[in-house]
Amino acid sequence: MKIKIAECAGFCFGVKRAINIAENALKGLKAKDNIYSLGPIIHNPQVVEGLFKKGLQVISDLEKIKDGTVIISSHGAPLEALKDIKEKGIKLIDATCPFVKYAQNIVKGLKKDGYRIIIVGDSAHPEIKALKSIAGKDKKSKKIGVISQTTQNKENYINEIKNILGEDFSEVKVFNTICNDTSKRQLATRSLLKDCDLMIVIGGKNSANTRRLWQICKESGVDSFHIETELEMKTKWFKGKDCIGITSGASTPDSMVKKIIERIRRF
Ligand code: SF4
């Protein structure tokens, strides 16, 4: 049984950056200090748990927070939350990924120029909630601006663009805001699918980019499982398989990929 690992394993740039920002903030932590992240700083429960043990508390809203420091996650935060933090005089540390910021700036520009903004992505995801807050209310303009969630599957995006082109418009501006890391990971995963008869996708169940990698694997017809840790694997998955492909999301630590490979070897 062969094991092949996708070329782009390990943390992406934006995730590494957010974790460094959080760890630096935690270094100076005193007993009375409170440091929060607004939502999980990255979408990997095991990494978030590790940071929690060092003192980073995850909050879902700002209602009960009166002081301390709030770190904005790699996905960004809605304008209302940023305003709330400012009004309460809470210290803010922004760990929004620069690629997410780039998409936010495009939305700002489109709004200013009177475009109807279409965001292709998962509406419940924090990145999209933040973009929607910048876009504001739907405009009835015939000028349309289209952007994508940074972790979108390229094929999904192209299909949505085709649908939009069927609408009544005077002008359509399309931006490729899928980040490089996402594109590379999707490509590396597709390339493994050519050789492998089983795919293991590693990453947070709440991670949009990991779920998209899993979607790509499932759609190919190759047996595929999405796991967060080595403990979820079952021996029966590997029976009769010749080549196991390993791919991982942008917020999956190398150490977890290694643990999973070691366990597969033991199987
Ligand atoms: S997946 Fe891309 S957009 Fe998201 S944090 Fe990583 S580098 Fe940034």
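Where does G204 lie, in terms of the elements on either side of it?

**View 1. G204 in the loop between β9 and α8.** In this predicted model, G204 belongs to the loop between β9, which spans residues 198–202, and α8. With a relative accessibility of 0%, G204 counts as buried, because the buried class takes in residues under 20% relative accessible area. Once its neighbours within four places in sequence are left aside, the residues in contact with G204 are H43, N44, P45, T210, H226 and E228. G204 and T229 stand 25 residues apart in sequence, and their C-alpha atoms are 9.1 Å apart in space.

**View 2. H125 in the loop between β6 and α5.** The loop that holds H125 runs between β6 and α5, the latter covering residues 126–135. H125 has a relative accessibility of 5% and therefore counts as buried. Not counting residues up to four places away in sequence, H125 touches H43, H75, Q149 and A208. For one of these, Q149, the separation from H125 is 24 residues in sequence and 9.2 Å in space, C-alpha to C-alpha. H43 also appears among the contacts of G204, as it does among those of H125.

**View 3. R116 in strand β6.** Strand β6 covers residues 116–120, and R116 is found in it. The relative accessibility of R116 is 19%, so this residue counts as buried, given that the class is defined as under 20%. Beyond its neighbours within four places in sequence, R116 is in contact with D138, K139, S141, K143, I144, G145 and E167.

**View 4. The ligand and its shell of residues.** Around the ligand are C12, G14, C97, F99, T150, T151, C179, T182 and A250. By class, this shell consists of five nonpolar and four polar residues, with no charged residue. The space that the ligand takes up is the largest pocket, which is the subject of the next view.

**View 5. The largest pocket and its lining.** The largest pocket holds about 360 Å³ of space. Its lining is made of 24 residues, of which C12, V15, T151, C179 and A250 are the closest to the centre of the pocket. Two or more lining residues are given by each of α1 (13–27), α4 (98–112), α7 and α8. Sorted by class, the lining of the largest pocket comprises 10 nonpolar, 12 polar and two charged residues.

**View 6. The largest cavity and its lining.** When the whole structure is searched, one cavity of 30 Å³ or more is found, and the space in the largest cavity is about 40 Å³. The residues that line the largest cavity are D181, T182, R185, Q186, N209, L213 and A250. Helices α7 (180–193) and α8 (208–220) each supply at least two residues of this lining, and the largest share, four residues, comes from α7. By class, the lining of the largest cavity has two nonpolar, three polar and two charged residues. T182 and A250 are among the residues that line the largest cavity, and they are also among those that surround the ligand.

**View 7. G166 in the loop between α6 and β8.** G166 has its place in the loop that lies between α6 (154–164) and β8 (171–174). Is G166 buried or exposed? At a relative accessibility of 68%, G166 counts as exposed, because that class takes in residues over 50%. From G166 to T210 the distance is 31 Å, C-alpha to C-alpha, for a sequence separation of 44 residues. T210 is also one of the residues in contact with G204.

**View 8. R266 in helix α9.** Helix α9 covers residues 254–266, and R266 is found in this helix. R266 has a relative accessible area of 64% and is therefore exposed. The C-alpha atoms of R266 and T235 are separated by 9.9 Å, while the two residues are 31 residues apart along the chain.

How values were computed. Residues are numbered from 1 along each chain as its sequence is written. This is a predicted model: local features need pLDDT of at least 70, side-chain atom pairs count only at pLDDT 80 or more; totals for chains, interfaces and linings use all residues. Side-chain values use heavy atoms; hydrogens and water are left out. A residue is near a molecule or strand if one of its heavy atoms lies within 4 Å of it. On a 1 Å grid over the protein atoms alone, a cavity is a set of points where a 1.4 Å probe fits but cannot get out, and a pocket is an open set with protein on both sides within 12 Å along at least five of seven lines; lining residues have an atom within 4 Å of a point. A molecule sits in a cavity or pocket if more than half of its atoms lie within 2 Å of its grid points. Ala, Val, Leu, Ile, Met, Phe, Trp, Tyr, Cys and Pro count as nonpolar, Asp, Glu, Lys and Arg as charged, and the others, Gly among them, as polar. Grid points are joined across faces, edges and corners, and a volume is the space filled by probe spheres set on the points. Buried means under 20% relative accessible area, exposed over 50%, partly exposed in between (1.4 Å probe, protein chains only). Contact means heavy atoms within 4.5 Å.
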